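Here is a set of short exercises to help you find your way around a protein chain you have not met before. Try each task with the structure in view, then read the solution.

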Amino acid sequence: MEGDGVNMELYIAEQVNPVFECMDILVRHHSNRNYAALKKEIKTRLDIQVPEIEKLLDSLQSIADQVTKGLKKSDEILAYLFHPLGSQDLTPAEAILQFHGDFSERDLLKIQTGVISAFQQDPLNFLYTTLDNYNLLYAGPGKKSLKGCGLLELMESCSMPDQDKWRLLAFYHDFEVYLGRFIDVLAKTVKEFEPFMPSLSVWTEPFYEHFYKEINNETLYRYMAEKIQIILPETDSIFIQPSLFGCNRLQYLASTEPGRRSNMLWGMHFEAIFLNRLKQNSSAYICNNMRLLGDKSKFDILKLLAGRRYYSGELAKELNLSASTIAYHMQALLNARFVTVDKRGYRTYYELNKDAICVFLDQVRNHVIPE
């Protein structure tokens, strides 16, 4: 992509990856957040009805039921692997694949080998990076980072209930056992899933037709920033893996290794669901944004932005947070439209959207104290 100082290479997978499709199926199977529940949530929280997505979710639920019919939820290892990490929706199983960070990989043996290699190289840093990436660490006042600290200090600074910490330590000390069990179940699920692949074309072909019209090397950066409020690095090589079963979400894994592509898992109906936000007069909308403002780091970012605009490096320095943590918080604030972006030269600045915050606070007041 050229123009506006952006140089971006874009690669798009030609079909869904069964590994990551089955990952979504397993997470929903073990967490009881199935596609039928997602359908109900979308119908009650969107401003408009989206019948094509409702029909898709019915189909996904049918396939998921057939793929997982032989799985037992009583397996203690699997129960932990698919239990959310602290207050996050993310599970340890998802964190494993995200740490590997390659949505194009379909060989489970390569994934297993790569994750074990990363873990064995520095187990404590593996644990630190995972917790830090998902905003589960708090260094405390006056401390810039927990990187390099001992296991005990890491656990003391981890914002999870004690029971979850003990589970995490068991996972950490028997990592290869847990990973092996996870890969084994994922492999069996993929085997059950693959016969359904040809039937998915009825859903994937319309997506590709629309996608190629809207997004290419010249439009991706602008499209993501303006339409979906996601700010991508301006110089990057990105591999996009469309996902049918992860239809309502978008994940971006920035690569820190030279020569390696960043990865994006793109839900095929993410755009339609995202653009039709929560009803702005609904209790669900109010509570979602109240939780966002209740997060200390996000609130501190907004307080800083009330004084002037900042770029991410300045925010990280001011708040003693890592760049990845700042990116995580800013994405949530952008999605809520509490902040806006202003691109100047090679830097992207964030500014407080005072009007949007004032409108939201008025909505809260009107809900709690109706006129």
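The exercises below, each with a worked solution, concern a predicted model.

**Exercise 1. Getting an overview**

Task: Find how many helices and strands the protein chain has, and what part of its residues is buried.

Solution:
- Start with the secondary structure: the protein chain contains 18 helices and seven strands.
- Next, turn to burial. Of the 371 residues in the protein chain, 50% are buried.
- Finally, look at the contacts with a separation of 6 or more: 69% of them involve residues 24 or more positions apart.

**Exercise 2. The nonpolar cores**

Task: Work out which residues have the most contacts inside the largest nonpolar core, and which helix gives the largest share of this core.

Solution:
- The largest nonpolar core has 90 residues. Leu131, Phe182, Leu220 and Trp266 are those with the most contacts inside it.
- Helix H10 provides the largest share of this core, nine residues.
- There is also a second, separate core, with 23 residues. Leu292, Leu304, Leu315 and Phe338 are among them.

**Exercise 3. Helix H7 and its surroundings**

Task: List the buried residues of helix H7 and name the helices they pack against.

Solution:
- Helix H7 covers residues 123–133, and its buried residues are Phe126, Leu127, Tyr128, Thr130, Leu131 and Asp132.
- You have already met one of these: Leu131 is among the residues with the most contacts inside the largest nonpolar core.
- Now look at the packing partners. The buried residues of H7 pack against H5 (92–100), H6 (108–121), H8 (151–156), H9 (162–173), H10 (175–193) and H17 (323–335).
- Step just past the end of H7 and you reach Asn135, where phi is positive, about 60 degrees.

**Exercise 4. Enclosed spaces**

Task: Find how many cavities of 30 Å³ or more the structure holds, and describe the lining of each.

Solution:
- A search of the whole structure gives two cavities of 30 Å³ or more.
- Take the largest cavity, with about 170 Å³ of space. Its lining has 15 residues, and Phe126, Leu127, Thr130, Leu168 and Phe171 lie nearest the centre.
- H5, H7 and H9 each give two or more residues to this lining. The largest share, five residues, comes from H7.
- Sorted by class, the lining of the largest cavity has 14 nonpolar residues, one polar residue and no charged ones.
- Move on to the second largest cavity, with a volume of about 70 Å³. Phe20, Met23, Glu94, Leu97, Gln98, Phe103, Arg249, Gln251 and Leu265 line it.
- Helix H1 (18–31) and H5 give two or more residues each to the lining of the second largest cavity, and the largest share, three residues, comes from H5.
- By class, this lining divides into five nonpolar, two polar and two charged residues.

**Exercise 5. An open pocket**

Task: Identify the residues closest to the centre of the second largest pocket and the helix that supplies the largest share of its lining.

Solution:
- The second largest pocket has a volume of about 230 Å³.
- It is lined by 13 residues, and those closest to its centre are Pro206, Phe207, His210, Met268 and His269.
- Helix H11 (201–214) and helix H13 (270–275) each supply at least two lining residues. The largest share, six residues, is from H11.
- The lining of this pocket has nine nonpolar, two polar and two charged residues.

**Exercise 6. Loop residues**

Task: Decide whether Ser74, Asn320 and Arg337 are exposed or partly exposed.

Solution:
- Ser74 lies in the loop between helix H3 (51–67) and helix H4 (76–81). Its relative accessibility is 61%, so Ser74 counts as exposed, the cut-off being over 50%.
- Asn320 sits in the loop between helix H16 (312–319) and H17. Its relative accessible area is 30%, so Asn320 is partly exposed.
- Arg337 is in the loop between H17 and strand E6 (339–344). Its value is 37% relative accessibility, so Arg337 is partly exposed.
- As a last step, check the backbone. Most residues other than glycine have a negative phi. Asn320, however, has a positive phi of about 55 degrees, and phi of Arg337 is near 65 degrees, also positive.

Note on methods. Residues numbered from 1 in each chain as written. Predicted model: local features only at pLDDT ≥ 70, side-chain atom pairs only at ≥ 80, totals over all residues. Heavy atoms only, no water. Buried < 20%, exposed > 50% of the residue type's maximum accessible area, 1.4 Å probe, protein only. Helix = DSSP H or I, 4+ residues; strand = E, 2+ residues; numbered from the N terminus. Contact = heavy atoms within 4.5 Å. Core = buried A, V, L, I, M, F, W, Y, C linked by side-chain atoms within 4.5 Å. 1 Å grid on protein atoms, 1.4 Å probe; cavity = no way out; pocket = protein on both sides within 12 Å on 5 of 7 lines; lining within 4 Å. Points joined across faces, edges and corners; volume = space filled by probe spheres on them. Nonpolar A, V, L, I, M, F, W, Y, C, P; charged D, E, K, R; others polar.
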